Every structure is written in C-alpha cells, then in structure tokens.
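Here is a short tour to read with the structure open beside you. Feel free to follow along residue by residue.

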Amino acid sequence: MFTASQKRKENIAEYLLYMWQIEDIIRANNLDIEKIKENVINRYTNLSEAQRKELTEWYESLIDMMRREGVEKSGHLQINNNTLSSLVALHQSLLKDPRFADYTALFYKTLPYIVELRSKAGEQKVGEIETCFNALYGMLMMRLQQKTISQETMDAIAQISRFIATLAHDFQLDEQDKLFNNNDQ
C-alpha cells in the first residue's frame with residue numbers, strides 16, 4: 001500500500017506492474033488474509049502497529065474487490081483496468097497530435113515487437129499497450145524465477161521499456177496539466 005501509493009505518484013507504469021504483482025501475491029496466498037499476514041505483512045519489520053493495521057486493511061479491501069469482481073483466479077481488478085484504460089486513452093491522443101511526432105516514431109519503432117507478441121498470444125488478443133505491459137510483467141516474472149532470457153527477448157523488452165517509460169512520463173505530465181498545454185512540444 002505504501003509502495004503502491006508512492007509508485008502511483010512517481011511512475012504509473014511501475015504502479016500498474018506492482019499492482020498486478022500484488023494481485024498475484026494475493027492469489028498465491030489463496031485470498032487468505034491470515035496467509036498474507038504471515039507471508040507478506042509480517043516481513044515488514046519496520047512498520048508501526050498503525051501502519052501494520054493499515055496495510056492489513058488494504059490487503060483485505062483488495063481481497064474483497066477481487067472476490068466481488070470475480071478475478072480470484074485470473075484477470076485484473078477494475079481499478080487496474082481503469083489505469084490501463086487511462087494510459088490507452090493518452091496513447092491514442094498522443095498518436096493523433098502532430099506535436100508528439102517523437103512519441104509516434106517511438107511507438108512505430110516498438111510496433112513490430114508488439115505485433116510479434118500479439119501473434120503469440122493465441123486467443124487472448126489485447127490492445128497494444130496491454131501487450132506491452134504483459135511483456136514487461138512476463139519479464140519481471142522470468143527474472144524472479146531466474147529463468148534464462150534470450151538476447152532477442154532482451155532487445156524486445158528494452159524497446160518496449162523505452163516506449164512505456166515515455167508513455168508513463170507523458171502520463172505524469174498530463175496529470176500535472178503540463179503535457180498538452182506546453183507550447184514547446
């Protein structure tokens with residue numbers, strides 16, 4: 001919760017990936033708050049009792065949302081889908097605006113990787129931005145599992161990372177009303 005709040009302020013892409021990881025942590029603990037306390041919350045040794053209580057309540061609210069939204073086994077919470085939708089809307093706005101030619105060029109440089117990833121997705125076709133996030137999250141999971149990663153995959157992830165970092169930066173500027181109102185663009 002504390003990390004999520006900080007990431008939300010600083011980098012929307014890191015926030016979204018973090019929240020997807022939290023969903024998976026909750027699933028790995030069978031949506032059981034006692035297991036989450038034991039395996040996650042109790043590992044934070046520097047928390048005050050008030051912070052520990054706040055973190056527990058945050059996990060409980062996420063568990064409740066996951067149950068109500070039917071994403072106990074897979075999928076994402078609506079709050080995370082809304083964040084992704086906001087990024088998609090900004091992406092579409094940037095592509096349509098001639099002032100953001102550099103962004104558009106970066107997107108088209110990334111597009112072949114996106115197309116390749118989407119071709120491997122099978123039945124589960126998702127949009128370009130979600131495809132990028134799926135790739136980044138998949139890379140995170142591979143690293144956590146210490147799996148070998150090919151150079152080709154590393155190159156693709158590096159390009160996708162640059163693109164998503166730019167989108168996240170633009171998102172932050174947009175939230176501060178500094179993106180479309182800036183005449184320097």
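## Phe-163 and its neighbours

Leaving aside residues up to four places away in sequence, Phe-163 touches His-91, Tyr-103, Leu-106, Phe-107, Thr-110, Ile-129 and Cys-132. You will find Phe-163 in helix 8. The model you are looking at is a predicted one.

Is Phe-163 buried or exposed? Its relative accessibility is 0%, and the cut-off for buried is under 20%, so Phe-163 counts as buried. To place Phe-163 in space, take Thr-104 as a marker: the two are 59 residues apart in sequence, and their C-alpha atoms lie 9.8 Å apart.

## The chain as a whole

Let us step back for a moment. The chain has 8 helices and 0 strands, so its elements, read from the N terminus, run α-α-α-α-α-α-α-α. The C-alpha trace spans about 50 × 40 × 30 Å along its principal axes.

Of the 185 residues, 37% count as buried. The accessible surface of the chain is about 10,900 Å², and carbon and sulfur atoms supply 48% of that surface. Among contacts with a separation of 6 or more, 64% are between residues 24 or more positions apart.

## Helix 6 against helix 8

Two packed helices are described by the angle between their axes and the distance between the axes. Helix 6 covers residues 101–119, and its axis is 10 Å from that of helix 8, at an angle of about 135 degrees. Angles over 145 degrees would count as roughly antiparallel and 65 to 115 as roughly perpendicular, so helix 6 and helix 8 are oblique to each other. Their crossing is left-handed.

On the helix 6 side, the contact is made by Tyr-103, Leu-106, Phe-107, Lys-109, Thr-110, Tyr-113, Glu-116 and Leu-117. Helix 8 contributes Glu-152, Asp-155, Ala-156, Gln-159, Ile-160, Arg-162, Phe-163, Thr-166, Leu-167 and Asp-170. Sorted by class, this contact of helix 6 with helix 8 has 9 nonpolar, 3 polar and 6 charged residues.

## Helix 7 against helix 8

Helix 7 (residues 128–144) also meets helix 8 (residues 151–175): their axes come within 10 Å and cross at roughly 125 degrees. Helix 7 and helix 8 are therefore oblique to each other, and this crossing is left-handed.

From helix 7, the contact uses Ile-129, Cys-132, Phe-133, Ala-135, Leu-136, Met-139 and Arg-143. From helix 8 come Thr-153, Met-154, Ile-157, Ile-160, Ser-161, Phe-163, Ile-164 and Leu-167. The residues of this contact divide into 12 nonpolar, 2 polar and 1 charged. Phe-163 is worth a second look here: it is listed in the contact with helix 7 and in the contact with helix 6.

## Helix 6 against helix 7

How do helix 6 and helix 7 pack, and at what angle? Their axes are 10 Å apart, and the angle is about 75 degrees. That makes helix 6 roughly perpendicular to helix 7.

In this contact, Phe-107, Leu-111, Ile-114, Leu-117 and Arg-118 of helix 6 meet Glu-128, Thr-131, Cys-132 and Ala-135 of helix 7. By class, there are 6 nonpolar, 1 polar and 2 charged residues.

## Two residues of helix 4

Now for another part of the chain. Thr-56 sits in helix 4, which covers residues 49–69. Thr-56 has a relative accessible area of 10% and is therefore buried. Not counting residues up to four places away in sequence, Thr-56 touches Ile-33, Lys-37 and Ile-41.

Ser-61 is found in helix 4 too. With a relative accessible area of 31%, Ser-61 is partly exposed. Ser-61 and Arg-8 are 53 residues apart in sequence, with 18 Å between their C-alpha atoms.

## Two positive phi values

Most residues other than glycine have a negative phi. Asn-30 is not a glycine, yet its phi is positive, at about 55 degrees. Asn-30 belongs to the loop between helix 2 (12–28) and helix 3 (33–39).

Asp-177 has a positive phi as well, near 55 degrees. Asp-177 lies in the segment after helix 8. Its relative accessible area is 56%, so Asp-177 is exposed.

Key
Residues numbered from 1 in each chain as written. Predicted model: local features only at pLDDT ≥ 70, side-chain atom pairs only at ≥ 80, totals over all residues. Heavy atoms only, no water. Axes fitted to C-alpha atoms, helices over the stretch in contact; angles between N-to-C directions. Helix = DSSP H or I, 4+ residues; strand = E, 2+ residues; numbered from the N terminus. Parallel < 35°, antiparallel > 145°, perpendicular 65-115°, else oblique. Left-handed = near helix turned anticlockwise from the far one by under 90°. Contact = heavy atoms within 4.5 Å. Nonpolar A, V, L, I, M, F, W, Y, C, P; charged D, E, K, R; others polar. Buried < 20%, exposed > 50% of the residue type's maximum accessible area, 1.4 Å probe, protein only. Areas by Shrake-Rupley, 256 points an atom, 1.4 Å probe, with all protein chains shown as cover.
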